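Thanks for coming. I have one structure to go through today, and I will keep it short. Here it is on the screen.

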Amino acid sequence: MEQEKIDRINELTRKAKTEGLTPEELEERALLRREYVQAVLGNLESQLEHTVIVDENGNRRKLKKREG
C-alpha cells in the first residue's frame, strides 16, 4: 500500500477525533482501511508461505494451510 494512502487514513482518523467526518469521508476511510487490511493479510500470507518448521531431527517442512 502506498504511503500516501496510509497518510490519508491517519489524517481522516485525526479529523474524526477532533471535528468529525462527513459521510463521504467515512466511506473513504472505510475503503482505505479495508485496502490496508487486505495488504497486511496478503503480506502475512506470503511470509507464511515461505516459512519452514524444523523438528528435533532436523527435518524441514513447509507450513500447510488449515482447512476450515
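I will go through a helix, its buried residues and then the salt bridges.

A word of caution to begin with: this is a predicted model.

Let me start with helix 2, which runs over residues 23-49. Does its length fit its residue count? Put better, what span should its 27 residues give at 1.5 Å a residue? The expected figure is 39 Å, and the end C-alpha atoms are 39 Å apart, so the two agree.

Next, which residues of helix 2 are buried? They are Glu-25, Arg-29 and Leu-32. These buried residues pack against helix 1, residues 3-18.

Two of those names carry a charge, and I will take them in turn.

Arg-29 is buried but has no salt bridge. The nearest side chain of opposite charge belongs to Glu-25, and that is 9.0 Å away. A salt bridge here needs nitrogen and oxygen within 4 Å, so that distance does not qualify. What does Arg-29 touch, leaving out residues up to four places away in sequence? The answer is Leu-12, Thr-13, Ala-16 and Leu-21.

Glu-25 is also buried, because its relative accessible area is 13% and the cut-off is under 20%. Unlike Arg-29, which has no salt bridge, Glu-25 meets the side chain of Lys-15 in one, at 2.7 Å from N to O. Glu-25 lies in helix 2 and Lys-15 in helix 1, so this pair ties together parts that are ten residues apart in sequence. Lys-15 itself is partly exposed, with a relative accessible area of 25%.

Now the remaining charges. How many salt bridges are there by this rule? The count comes to six, and I will show two others among them.

The side chains of Glu-35 and Lys-5 meet at 2.8 Å, N to O. That pair links distant parts of the chain, with Glu-35 in helix 2 and Lys-5 in helix 1, 30 residues apart. Lys-5 also forms a salt bridge with Glu-2, where the closest N and O atoms are 3.4 Å apart.

Are these three residues buried or partly exposed? Lys-5 counts as partly exposed at 28% relative accessibility. Glu-35 falls in that class at 33%, and Glu-2 does at 40%.

Back to Glu-25 for a moment: it is buried at 13%. Elsewhere, salt bridges that share partners join Glu-2, Lys-5 and Glu-35 into one network.

That is what I have on this model.

Key:
Residues numbered from 1 in each chain as written. Predicted model: local features only at pLDDT ≥ 70, side-chain atom pairs only at ≥ 80, totals over all residues. Heavy atoms only, no water. Helix = DSSP H or I, 4+ residues; strand = E, 2+ residues; numbered from the N terminus. Buried < 20%, exposed > 50% of the residue type's maximum accessible area, 1.4 Å probe, protein only. Contact = heavy atoms within 4.5 Å. Expected span 1.5 Å × (residues − 1).
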